[in-house]
Amino acid sequence: MEIRYAALIGLGAMGSFFAPRMEAKLGRDHFRVVASGARKERLETKGVTINGVNYKFSVRTPEEEGPKADLIIMAMKDMGLLQAIEDIRNLVGEHTQILCVMNGIESEEKVAAAYGWDHVLYSYMRMSIVMKDGVADFDPNWGTVHFGEAKNETLTARTQMVRDFFEACGIPYVIDEDMKRGIWFKFMCNVGENMTCALLGIPFGAFRTSDSANELRRAAMREVMAIANRLGVDLSEQDIEAQEKTVKNIPYGNKPSTLQDLEAKKKTEVELFAGTVVRLGKKLGIPTPLCYVFYHGIRVYEEKNTGEFDPR
Ligand SMILES: NC(=O)C1=CN([C@@H]2O[C@H](COP(=O)(O)OP(=O)(O)OC[C@H]3O[C@@H](n4cnc5c(N)ncnc54)[C@H](OP(=O)(O)O)[C@@H]3O)[C@@H](O)[C@H]2O)C=CC1
Ligand SMILES: CC(C)(CO)C(=O)C(=O)O
């Protein structure tokens, strides 16, 4: 099995990690970006500029008939997921594999509900990229896509196929032995960091100096840990300790995506982060008071941004 025809839906920050290298490997006719309407027009006329190079990738509309894709990368924000699942329907064939690289713990389940687990591998990103007005600059050799089956002591044929493709493209990857644990660890870090920074309007650098910011970050991580443990995912205090070093090495002024979204007056992925924790906590009878405050506090910021109420 080999990847000869691939597609990407979601040519934003994360999409820009993949698109140039996938097109370089497969050629313009065998790598397509899925988009329609004004988005398609923008990608075809203005394109995107990635590390100083302007790209106008070949766009395929959801309605267009054509070859089925061997690999589809999905890289939208949470709010776009359900539409995107429908938009790739024409590209999913018998052998298609889908990687939905979004943050959060539930995107694979949603894609698998539409297409079946035979078509879905687990994945997540350890990378930080900002795309603003179609421009993204980053070191393409820093950061990794993590992917694989739930467990990867031995590699299945489809995991090897995607691995060989990423090797050929020069896309840095990691195959976690336990992908579910990896996804939950990333989620625990995201909830602690993204929610704390968004509610308080502080950059990552605050975690180097503020005991109180760290107290909140760790308390939110512990709410996630309690839920993960109940669901059989073995996150522990050691994982929280390990992230302590990582978070304090992130460049001082960097901001997690949730705060970036608030500052850009966009809708955030709070539903996917604190919203998921509150929902699962309720279902499992696990208290999540901090995520409850994060969730509603960030929702109020969104309402202020979109003018849903008059803050007079
Ligand atoms: N940015 C980062 O550093 C990281 C992000 N992540 C996660 O990755 C995911 C993607 O984030 P990110 O790349 O930052 O988000 P962006 O907003 O930068 O990119 C999302 C892109 O998806 C496009 N899109 C949405 N719906 C569709 C659709 N139906 N068809 C075609 N294109 C569509 C959007 O187009 P348009 O702009 O026209 O709406 C946009 O270009 C999120 O879950 C995020 O949490 C994970 C790790 C790090
Ligand atoms: C870049 C990173 C890892 C920072 O938390 C992220 O996932 C986000 O901002 O959403």
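Which domains does the domain assignment of the protein give? In this predicted model, the assignment gives domain 1, covering residues 6-177, and domain 2, covering residues 180-306. Taken over C-alpha atoms, the centres of domain 1 and domain 2 are separated by 25 Å. Domain 1 contributes 14 residues to the contact between them, and domain 2 contributes 14 residues. On the side of domain 1 that touches domain 2, six residues are nonpolar, four are polar and four are charged.

The strands were examined next. An open sheet is formed by eight strands, whose order is 5-2-1-6-7-8-11-12. The pairing within this sheet is mixed. In general, the strands of a sheet pair through backbone hydrogen bonds, and the pairing can be parallel or antiparallel. The edges of the sheet are held by strand 5 (59-60) and strand 12 (173-174). Each of these two has a single partner strand, so one side of each is left without a neighbour in the sheet. For strand 5, a pairing is found with strand 2 (residues 31-34): the two run parallel and are joined by two bridges. Within strand 5, Arg 60 stands opposite Val 34.

Two helices lie across strands of this sheet. Helix 1 (residues 15-26) lies across strand 1 (6-9), strand 2 and strand 6 (69-74). The angle between helix 1 and strand 1 is about 160°. Helix 5 (residues 157-169) lies across strand 6, strand 7 (92-100), strand 8 (120-126), strand 11 (144-148) and strand 12. With respect to strand 8, helix 5 runs at about 40°. Strand 6 is thus crossed by helix 1 and also by helix 5.

The model also contains ligands, and the residues around two of them were listed. Ligand 1 is surrounded by 28 residues, of which Gly 10, Gly 12, Gly 80, Met 102 and Asn 103 are the closest. By class, this shell has 15 nonpolar, eight polar and five charged residues. Helix 3 (residues 81-87) gives the most to the shell around ligand 1, supplying three residues.

Around ligand 2 stand Asn 103, Ser 128, Asn 190, Glu 193, Asn 194, Pro 256 and Ser 257. One residue of this shell is nonpolar, five are polar and one is charged. The most is given by helix 6 (residues 179-200), with three residues. Asn 103 appears in both descriptions: this residue is among the closest to ligand 1 and is also one of the residues around ligand 2.

Technical notes: Residues are numbered from 1 along each chain as its sequence is written. Chains are lettered from A and ligands numbered from 1 in the order in which they are written. This is a predicted model: local features need pLDDT of at least 70, side-chain atom pairs count only at pLDDT 80 or more; totals for chains, interfaces and linings use all residues. A residue is near a molecule or strand if its C-beta atom, placed from the backbone, lies within 6 Å of it. Helices (H or I, at least four residues) and strands (E, at least two) are DSSP runs, numbered from the N terminus. Ala, Val, Leu, Ile, Met, Phe, Trp, Tyr, Cys and Pro count as nonpolar, Asp, Glu, Lys and Arg as charged, and the others, Gly among them, as polar. Domain bounds come from an automatic or database domain assignment. Two residues are in contact if their C-beta atoms, placed from the backbone, lie within 7 Å. Two strands pair if DSSP finds at least two bridges between them. Axes are lines fitted to C-alpha atoms, for helices over the stretch in contact, and angles run from 0 to 180 degrees between N-to-C directions.
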